[in-house]
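Student: Could you take me through the side-chain contacts in this one, and the spaces between the side chains too? I'd like the cut-offs along the way.

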Amino acid sequence: MMFLLVLISLTKWFWYHMIIKTCYQTARILIHNGFNFVDLSSKPLQQPSNIPSILNCDLEGRESQTLVCDIHSVLLKTHYFFPYFMLVAFEGGSILRAFLLLCSCPILCFLSYEHKLKVMIFITFCGLKIKDMEMIARVVLPKFYMENLNLKAYQVLVSVGCRVFFTCVPRVMVEGFLKEYLNGDDIVATELHTVGCYFTGLISRHGLVDKDSALIDYFGYRRPDLGIGSTCVNDHHFISYCKEAYVVSNEICPSSIMPREKYPKPLIFHDGRLAFFPTPSSTLYMFMWLPMGILLSTYRIFLVLNFHYKWTLSLITFNGIVLNVKGFSNPQRYLEPSKGELYVCTHRTLLDPVFLSMSLRKPLSCVTYSISKVSEFFAPIRTMSLTRDREQDRETMQRLLREGDLVVCPEGTTCREPYLLRFSSLFAEIADEIVPVAMNANVSLFYGTTASGLKCLDPFLFLMNPWPSYNIEMLDKVPKELTCAGGKSPFEVADYIQKELSDALGFECTNITRRDKYMMLAGNDGYV
């Protein structure tokens, strides 16, 4: 026993001081010594502005006016567009394409703004499928756009009746967001050359959009009412053609941050693997961490698969996984084998039942719906796949419950944001001993869920994060009078438990279903 404790302590010290901490400190040194190319895609040099700030813009009485602006450095707080190209390269292309784009950073520093854009466009789009770009524009980019919206610019934008956007960024990267989320009436943007169903990486014969000439061509002699620009020289020329002009300051202050409750549309679903905003410095850190992350994830999986669940919890917490457990005030209750209890959990990753089993320190069974065969094969706990047949699924769950404790995730799929999907009521029909469990997971580099990617990689990528965390709160058992045995309908029981779990997590309940999620993100019903 003493030898095992010493071995665990030595393993923790090695991973933290020799590996994780070293990589982290190296990345920070590189960032502080100049590998933070904040002007990789910034506009020409800035000069003092005599145009009033957007803070002085009156929002009243503009319903009939027309506004023109750019998305880059105006609607978005970020002053560079490199992270959005990196998102397309990584999520729509491959990790090799993303690495090539990162390696181009030193070259981009010496190029003009127009040439920077052309180089990034070529690396990002050459050979990329059009349907892959359409998917990225629909399910990946909107999250990062909304998180970087400038609140003041957005308030001015929604105060007008007509919105026309002019940008030299490729149309395929911004059009969907500007029209669907910001209700843009028209977008004038750079067009990309295509051959068949692929991008060539080249710009169409019209070239990059020149906003000054494009504005005149679009409006002719009719001057737009309002223009918003950045403090750079080119934007001054652009908005000076408008009847009224304002500039957005480059300084990011708390008043410019867009709170979630003011998003144009609720951000419930999004896809993609990257959980961070991929600036050059953060992308460098990600690639530095990647080899060690693969080894660490493999090691963590080895611990889960080869050690008894009573020991695994202690072992994995010594390897960077942060586990916060609440509600175990009477541990003897969960240590004793109490047959037939049903644990109803929120669903954040595929590892929810595994971490619950380790926290309870007893084996559990879980039912799944359409997970990959690889994940099912390597599962350290007993799993049983459900079908689309409600009667057959009820019989399967009742049989598992007779044999022991069972874990169900009635949402049927994961959700990354602070929302709970509609609960299936099937679990309420099969048990009266119901224990709600509020679970939430947090990551810093990679998401451990996907709707359109390889689902077999979900657990591996989650465990590749340096310090992934799980918060597990065991709520009180549902009173008998609030179950079907007490006269409640299955739907009432499901809604009650959903509300209890949402209150415990601070989440919002929705009526969105699993099918809705997959139709939105992947264009299918989610069947693997």
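Tutor: Here is a walk through the salt bridges, the ring contacts and then the empty spaces. The model is predicted, so to speak of local features we need pLDDT of at least 70, and side-chain atom pairs count only at pLDDT 80 or more, while totals for chains, interfaces and linings use all residues. Residues are numbered from 1 along each chain as its sequence is written, and side-chain values use heavy atoms, with hydrogens and water left out.

Let's start with charge pairs. A salt bridge here is a side-chain nitrogen of Lys or Arg within 4 Å of a carboxyl oxygen of Asp or Glu, and the whole structure has 21 of them. Lys211 and Asp235 make one, with their closest N and O atoms 2.7 Å apart. This pair ties together distant parts of the chain, 24 residues apart: Lys211 belongs to helix α11 (residues 211-219) and Asp235 to helix α12 (residues 233-239). Helices are DSSP runs of H or I with at least four residues, strands are runs of E with at least two, and both are numbered from the N terminus. Lys211 and Asp235 are both buried, where buried means under 20% relative accessible area, exposed means over 50%, and partly exposed is in between (1.4 Å probe, protein chains only). Lys211 has a ring contact as well: its charged end sits over the ring of Phe238, 4.9 Å from the centre. For that label, NZ of Lys or CZ of Arg has to be within 6 Å of the ring centre and within 35 degrees of the ring normal.

Glu433 and Lys477 form another salt bridge, at 2.7 Å from N to O. Again distant parts of the chain are linked, 44 residues apart: Glu433 is in the loop between β13 (419-420) and β14 (434-442), and Lys477 is in the loop between β15 (469-474) and α20 (490-505). Glu433 is partly exposed because its relative accessibility is 28%, and Lys477 is partly exposed at 31%.

For a pair inside one helix, look at Glu147 and Lys143, which meet at 3.0 Å, N to O. Both lie in α8 (residues 141-147), four residues apart, or about one turn of the helix. Glu147 is partly exposed at 32% relative accessibility, whereas Lys143 is buried with a relative accessible area of 5%.

Now the rings. A pair of aromatic rings is described by the distance of the centres and the angle of the planes. Rings of Phe, Tyr and Trp (its six-membered ring) pair if their centres lie within 6.5 Å; planes under 30 degrees apart are stacked, over 60 edge-to-face, and the rest tilted. The structure holds 18 such pairs. In one, Phe125 and Phe199 are edge-to-face, with 5.3 Å between centres and 70° between planes. Phe125 is in helix α6 (residues 113-125) and Phe199 is in strand β5 (residues 198-203), 74 residues apart. Phe125 counts as buried at 0% relative accessibility, and so does Phe199 at 5%. Phe166 and Tyr218 are edge-to-face too, because their planes are at 90°, with the ring centres 5.8 Å apart. Phe166 is in strand β2 (residues 162-170) and Tyr218 in helix α11, 52 residues apart. Here Phe166 is buried at 0%, but Tyr218 is partly exposed at 35%. Ring pairs also link Phe81, Tyr84, Phe85, Phe144, Tyr145, Phe177, Tyr181 and Phe277 into a cluster.

One more charge-over-ring contact leads us to the empty spaces: Arg416 lies over the face of Tyr447, 3.9 Å from the ring centre. Arg416 also helps line the largest cavity, along with residues including His270, Asp271 and Lys517. On a 1 Å grid over the protein atoms alone, a cavity is a set of points where a 1.4 Å probe fits but cannot get out, and lining residues have an atom within 4 Å of a point. The largest cavity has about 60 Å³ of space, where a volume is the space filled by probe spheres set on the points, with points joined across faces, edges and corners. A search of the whole structure gives three cavities of 30 Å³ or more.

Notes: 1 Å grid on protein atoms, 1.4 Å probe; cavity = no way out; pocket = protein on both sides within 12 Å on 5 of 7 lines; lining within 4 Å.
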